Amino acid sequence: MALLEVEDLKVYFPIRGGILGRMVGNVKAVDGVTFSINEGQTVGLVGESGSGKTTTGKAILGLVPIKSGVIRFNGEDITKYIGKNRSPYRKSVQMIFQDVYSSLNSKKRVRDIIAEPLRNFEKLTKAEEQKRVDELLSIVGMSPENAYKYPHEFSGGQRQRIGVARAIALKPKLIVADEPVSALDLSIQAQVLNYLKDIQSELGLSYLFISHDLGVVKHMCETLAIMHNNRFVEFGARNDIYNNPQHIYTKRLIASIPDTDPDKKEENMRRRKEINEEYEMRSESYYEAGSKVYDLTRLTETHFVAMKS
Ligand SMILES: Nc1ncnc2c1ncn2[C@@H]1O[C@H](COP(=O)(O)OP(=O)(O)OP(=O)(O)O)[C@@H](O)[C@H]1O
Ligand SMILES: [Mg+2]
């Protein structure tokens with residue numbers, strides 16, 4: 001049994017209009033996605049801005065109401081915990097937020113920020129709590145003095161690490177890591193990614209790893225979901241996606257990775273042009289009317305694609 005199973009998840013946000021603020025429509029932020037994550041596995045979630053990645057992550061944490069679908073964790077349907085902060089489920093699943101700065105309470109010291117999940121779930125004495133906070137800071141490579149500072153006193157990279165320390169405080173089983181390094185310098189990116197990998201093997205963690213950056217995703221994830229127009233266009237093992245992409249959107253994404261080999265520059269440019277032509281000419285094989293993405297169908301044991309059958 002998979003650790004996390006998501007079945008036909010839909011999250012719609014109301015659009016309100018007019019002076020009365022009546023509901024005039026919906027944003028279909030997530031419009032039917034199905035996937036699973038095994039224990040210890042890292043699944044990458046890639047796709048353009050607005051495609052529904054963060055919303056998928058928030059739904060898994062129970063932070064947004066869902067329209068329909070099932071989310072199972074260890075076999076248990078957790079949709080009943082939506083909106084409840086202290087459910088046992090919230091101990092096992094944590095999120096590293098895309099926008100770290102606004103996710104850290106600026107009026108609280110780092111010590112209180114990191115201790116917050118501990119205070120919600122574990123009854124520790126002051127001394128025990130301090131010891132845990134110091135340990136967590138040291139795991140992310142920060143010294144204990146930092147516990148007494150406020151978020152604005154840190155660099156982006158340090159704040160990101162504070163977010164990581166808080167996310168791992170309760171030894172969760174699953175972390176939704178939403179663009180955990182995209183705001184960081186390249187040198188610090190590698191450092192934080194390596195932390196995430198180290199604690200993964202130490203704690204037996206699973207990740208849903210959300211990113212725009214296909215290079216980062218290739219390094220971190222053995223399985224990938226490609227999201228476009230609020231649905232999955234392709235899902236597969238790393239090799240399937242990078243070496244044998246099937247959906248035109250995935251092909252475009254892979255072809256857009258910057259060239260490292262100058263000798264292949266011309267060939268790659270030709271390839272991109274071909275893909276763009278195919279996108280224009282054969283779009284009905286890839287998208288239904290209204291640009292809706294088809295349902296995923298199985299190509300192999302590990303590879304699924306959403307194309308007209
Ligand atoms: N709370 C909300 N209320 C209304 N609409 C929302 C809300 N949150 C997200 N949306 C809309 O849902 C869609 C998906 O947003 P989401 O944040 O999941 O995208 P994303 O893939 O994470 O994008 P990015 O790469 O820019 O972070 C967007 O059209 C967004 O405007
Ligand atoms: Mg996002």
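This passage describes the sheets, a pair of helices and the ligand surroundings in a predicted model.

Two open sheets are considered here, beginning with the one built from 4 strands. Its strands follow the order 2-1-4-5, and their pairing is antiparallel. Strand 2 and strand 5 (76-77) form the edges, each pairing on one side only. Helix 1 packs on this sheet, where it touches strand 1, strand 2 and strand 4. The direction of helix 1 makes about 110° with that of strand 1. Within the sheet, strand 1 (residues 4-17) and strand 4 (residues 68-73) run antiparallel and are joined by 5 bridges. In this region Leu 4 stands opposite Phe 73, a residue of strand 4.

Helix 1 and strand 2 also take part in the surroundings of ligand 1. Strand 2 (22-37) and helix 1 (53-61) each contribute at least two residues to the shell around the ligand. The largest share, 3 residues, is supplied by helix 1. The residues surrounding ligand 1 are Phe 13, Val 27, Ala 29, Gly 47, Ser 49, Gly 50, Ser 51, Gly 52, Lys 53, Thr 54, Thr 55 and Gln 98. Sorted by class, this shell comprises 3 nonpolar, 8 polar and 1 charged residues.

The other open sheet has 8 strands in the order 6-7-8-3-9-10-12-11, with mixed pairing. Its edge strands are strand 6 (93-96) and strand 11 (297-298), each of which pairs on one side only. Strand 10 (residues 231-237) and strand 12 (residues 304-305) run antiparallel, and 2 bridges join them. Phe 235 is placed opposite Phe 304 of strand 12. Helix 6 (residues 156-168) lies across strand 6 and strand 7 (174-178), and its direction is at about 175° to strand 6.

A contact between two helices was also examined. The axes of helix 10 (residues 248-255) and helix 11 (residues 265-281) come within 10 Å and cross at roughly 160°. Angles over 145 degrees count as roughly antiparallel. Helix 10 and helix 11 are therefore roughly antiparallel to each other. The crossing of helix 10 past helix 11 is left-handed. On the side of helix 10, the contact involves Ile 248, Lys 251, Arg 252 and Ala 255. These residues meet Arg 271, Arg 272, Ile 275, Glu 278 and Tyr 279 of helix 11. By class, the contact between the two helices contains 4 nonpolar and 5 charged residues, with no polar residues.

How values were computed:
Residues numbered from 1 in each chain as written. Chains lettered and ligands numbered in written order. Predicted model: local features only at pLDDT ≥ 70, side-chain atom pairs only at ≥ 80, totals over all residues. Near = placed C-beta within 6 Å. Nonpolar A, V, L, I, M, F, W, Y, C, P; charged D, E, K, R; others polar. Pairing = 2+ DSSP bridges. Contact = placed C-beta atoms within 7 Å. Axes fitted to C-alpha atoms, helices over the stretch in contact; angles between N-to-C directions. Parallel < 35°, antiparallel > 145°, perpendicular 65-115°, else oblique. Left-handed = near helix turned anticlockwise from the far one by under 90°.
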